[in-house]
Amino acid sequence: MIVRIMGEGQVRLDDSHLPVLNKLDDELLAEVEGGDAAAFRGTLDALLAAVRELGTPLPDDSLEPSELILPAADASIDEVRAMLTDDGLIPD
């Protein structure tokens, strides 16, 4: 799957990593819904770090369609709230 981190670029990520990302996504959803800004920041950082670590960056000039779009590292809790669906950022 191709994942875009807004403001950074794209990475190719094997579907086998989705359970790890979904766990972080569930935590992030709960923190956004609860308004826990401090925990939100740590979990967003962990989610993006996992994508960067587990994925393979695509070249900057690559124009692959993204199957998943994640917020930028500096996104606010309100910006992430606007991006969320009932499943969070990552569909189950």
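This short talk walks through the charged residues of one structure, from its salt bridges to its unpaired acids.

Hi everyone, and thanks for coming. Before anything else, please keep in mind that what you see is a predicted model.

Let me begin with pairs of charges. Side chains of opposite charge can pair when their charged atoms come close. So how many salt bridges does a search of the whole structure find? The search comes back with three salt bridges. I'll take them one by one.

The pair I'd like you to find now is R52 and E8. Their side chains meet in a salt bridge, with 2.7 Å from N to O. Where do the two partners sit? R52 belongs to helix α2, which covers residues 37-54, while E8 is in the loop between β1 (2-5) and β2 (9-12). That puts them 44 residues apart, and the pair links distant parts of the chain. As for the surface, R52 is partly exposed, at 37% relative accessibility. E8 is partly exposed too, with a relative accessible area of 40%.

Next, please look at helix α1, residues 18-34. Here K23 makes a salt bridge with E27, and the closest N and O atoms are 2.9 Å apart. Both residues lie in helix α1, with their positions four residues apart in the numbering, about one turn of the helix. K23 counts as exposed at 54% relative accessibility, whereas E27 counts as partly exposed at 29%. While we're on E27, here is a distance to try on your own screen: its C-alpha atom is separated by 22 Å from that of V11, a residue 16 places away along the chain.

The remaining bridge joins R81 and D78, where the closest N and O atoms are 2.5 Å apart. Both are in helix α3, and because they are three residues apart there, about one helical turn separates them. R81 is partly exposed, with a relative accessible area of 37%, and D78 is exposed, at 51%.

Now for some acids without a partner. Let's go back to helix α1 and find E31. Is E31 buried or exposed? E31 is buried, yet it has no salt bridge. The nearest side chain of opposite charge is K23, 9.4 Å away. A salt bridge needs the nitrogen and the oxygen within 4 Å. What does E31 touch instead, leaving aside residues up to four places away in sequence? Its contacts are D36, A39, F40, T43 and I77.

D25 tells a similar story. This residue also lies in helix α1, and D25 is buried and has no salt bridge. The nearest side chain of opposite charge is again K23, this time 12 Å away. How much of D25 is accessible? Its relative accessible area is 0%, so D25 counts as buried. If we again skip residues up to four places away in sequence, D25 touches D87, G88, L89 and I90. For another distance to try, the C-alpha atoms of D25 and L84 are separated by 9.9 Å, although the two are 59 residues apart along the chain.

One more stop in helix α1 is A30. A30 is partly exposed, with a relative accessible area of 47%. Its C-alpha atom and that of F40 are separated by 8.7 Å, with the two residues 10 apart along the chain.

Finally, let's move out to the surface. Which residues form a negative surface patch? They are D26, E33, D86 and D87. You may recall D87 from a moment ago, as one of the residues that D25 touches. Another patch member, D86, is found in the segment after α3, the helix that spans 77-83. D86 has a relative accessible area of 78%, so it counts as exposed.

Let me wrap up with what I'd like you to take home. There are three salt bridges, and the one between R52 and E8 links distant parts of the chain. In helix α1, E31 is buried without a salt bridge, and D25 is buried without one as well. And out on the surface, D26, E33, D86 and D87 form a negative patch. Thanks for listening, and I'm happy to take questions!

Technical notes:
Residues are numbered from 1 along each chain as its sequence is written. This is a predicted model: local features need pLDDT of at least 70, side-chain atom pairs count only at pLDDT 80 or more; totals for chains, interfaces and linings use all residues. Side-chain values use heavy atoms; hydrogens and water are left out. Patches are made of residues with over 30% relative accessible area and no salt bridge: like charges are joined within 9 Å, nonpolar side chains (Val, Leu, Ile, Met, Phe, Trp, Tyr) within 5 Å. Accessible areas come from the Shrake-Rupley method with a 1.4 Å probe; for residues, only the protein chains shown count as cover. Lys and Arg count as positive and Asp and Glu as negative; His and the chain ends are not counted. The place of a charge is taken as NZ of Lys, CZ of Arg, CG of Asp or CD of Glu. Helices (H or I, at least four residues) and strands (E, at least two) are DSSP runs, numbered from the N terminus. Buried means under 20% relative accessible area, exposed over 50%, partly exposed in between (1.4 Å probe, protein chains only). Contact means heavy atoms within 4.5 Å.
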